[in-house]
Amino acid sequence: MKLQLSLFQDMVTRPKHAFTEIAEKNISSWPAFILIMLSMQLFYALYFNNVDMAWLVDYTVNTSLGQATPAEKEQLSQQLTEETIRLSASIGSVLMLVFYGLITSVYLNVITKLDEQNTDGFKDWFGFYWWVQIPAVLQLALSSLVILVADTSQTPLMDLQVTSLNQILALSPTDKFYNFAASFDLFSIWSIVLLFYGLSVRTQLKTSTIANICIIPFIFMLVFSLVFG
């Protein structure tokens, strides 16, 4: 336990050292996975305990069906119960994060073949992914603090990410880049930095190559927002 706590601290102060420790001692990623999932569930429990659920149902309907007829909105609002919203948020976010982990692991498993000496497989990169996602714990903690100090019970989930790019751009949910701008924040940048240091430890690739590997997912997110936003 002491070692894991030291690793979490090193992810902030000495990320390269932390990844060296993980690689040399073959430390399991389960502590990181459990901490992230526990933080996520505690955050959603706090949010749904404080939010005005009637307002949240109306907000969800209006943002999901902005151009729909009143009849269509009424039909969705009847189907969209408080329990449905709770489950879709708490369970859906977990499934989405795991999905991103699988995609990222496939990507890293393929791209790191550029280093002929690297023997890491899909399972290794899937474990590695959870260490890179450690900043999400502090992101959720900050968002929880915002909930506690907010003077309103009608705050959308996306607005709780106070360090997001959308705090500067002020895009509306109908804008193509809203989802990207609302989800990309300082903690996302921190994860990219951790990815860079982690790859520099686990591979013998050049610094420029590692930087490109880290930037490609960022570009993909932008393109995805443009096409499907």
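This short presentation covers the fold, the aromatic pairs, the nonpolar core, the salt bridges and two backbone details of one protein.

Good morning, colleagues. I should state at the outset that we are looking at a predicted model.

Let me begin with the overall architecture. The protein contains 12 helices and 0 strands, and read from the N terminus its elements run α-α-α-α-α-α-α-α-α-α-α-α. The C-alpha trace spans about 60 × 40 × 30 Å along its principal axes. Of the 229 residues, 38% are buried. Turning to contacts between residues at least 6 apart in sequence, 64% of them join residues at least 24 apart. The exposed area is about 13,200 Å², and carbon and sulfur atoms supply 63% of that area.

I move now to the aromatic side chains. A pair of aromatic rings is described by the distance of the centres and the angle of the planes. Across the whole structure, a search finds 19 aromatic pairs. One of them joins phenylalanine 43 and tyrosine 47, a stacked pair with 6.3 Å from centre to centre and 20 degrees between the planes. Both residues belong to helix H3, residues 30-50, where phenylalanine 43 and tyrosine 47 are 4 residues apart, about one turn of the helix. How accessible is phenylalanine 43? Its relative accessibility is 5%, so phenylalanine 43 counts as buried. Tyrosine 47, at 3%, likewise counts as buried.

Phenylalanine 99 and tyrosine 100 form another pair, with ring centres 6.3 Å apart; their planes stand at 45 degrees, so this pair is tilted. Here phenylalanine 99 is partly exposed, at 43% relative accessibility, and tyrosine 100 is partly exposed as well, at 46%.

Ring pairs also build a cluster, which links Trp30, Phe33, Phe122, Phe126, Tyr129 and Trp130.

Tyrosine 47 brings us to the nonpolar core. In soluble globular proteins, nonpolar side chains tend to be buried together. In this model the largest nonpolar core has 47 residues, and the members that touch the most others are Phe19, Tyr47, Phe48, Leu56, Trp131 and Leu199. Which helix gives the most to this core? The answer is H3, with 8 residues. Leucine 56 offers a local view: setting aside neighbours within four places in sequence, leucine 56 is in contact with Tyr47, Phe48, Val51 and Ile85.

The next topic is charge. How many salt bridges does a search of the whole structure find? The search finds 3 salt bridges, and I shall take them in turn.

In one, aspartate 10 is joined to arginine 14, with 3.6 Å between the closest N and O atoms. Aspartate 10 counts as buried, at 6% relative accessibility, whereas arginine 14 is partly exposed, at 44%.

In another, the side chains of lysine 25 and glutamate 21 meet at 3.0 Å, N to O. These two residues are 4 apart in helix H2, residues 15-25, and therefore about one helical turn separates lysine 25 from glutamate 21. Lysine 25 is partly exposed, with a relative accessible area of 48%, while glutamate 21 counts as buried at 16%.

The remaining salt bridge brings together arginine 202 and aspartate 120, at 3.1 Å, N to O. This pair links distant parts of the chain, 82 residues apart: arginine 202 is in helix H11, residues 186-202, and aspartate 120 is in the loop between helix H6, 82-111, and helix H7, 122-132. Aspartate 120 is buried, with a relative accessible area of 13%. Arginine 202 has a further partner, for it lies over the face of tryptophan 125, at 5.3 Å from the ring centre.

Finally, I turn to the backbone. Most residues other than glycine have a negative phi. Asparagine 26 has a positive phi, near 50 degrees. Where is asparagine 26 found? Asparagine 26 is in the loop between H2 and H3, and at 68% relative accessibility it counts as exposed. Alanine 170 also has a positive phi, of about 55 degrees, although it is not a glycine. Alanine 170 is found in the loop between helix H9, 166-169, and helix H10, 178-183. With a relative accessible area of 62%, alanine 170 is exposed.

That concludes the presentation, and I thank you for your attention.

Note on methods. Residues are numbered from 1 along each chain as its sequence is written. This is a predicted model: local features need pLDDT of at least 70, side-chain atom pairs count only at pLDDT 80 or more; totals for chains, interfaces and linings use all residues. Side-chain values use heavy atoms; hydrogens and water are left out. Rings of Phe, Tyr and Trp (its six-membered ring) pair if their centres lie within 6.5 Å; planes under 30 degrees apart count as stacked, over 60 as edge-to-face and the rest as tilted. Buried means under 20% relative accessible area, exposed over 50%, partly exposed in between (1.4 Å probe, protein chains only). A charge sits over a ring if NZ of Lys or CZ of Arg is within 6 Å of the ring centre and within 35 degrees of the ring normal. A nonpolar core is a set of buried Ala, Val, Leu, Ile, Met, Phe, Trp, Tyr and Cys residues joined through side-chain atoms within 4.5 Å. Contact means heavy atoms within 4.5 Å. A salt bridge is a side-chain nitrogen of Lys or Arg within 4 Å of a carboxyl oxygen of Asp or Glu. Accessible areas come from the Shrake-Rupley method with a 1.4 Å probe; for residues, only the protein chains shown count as cover.
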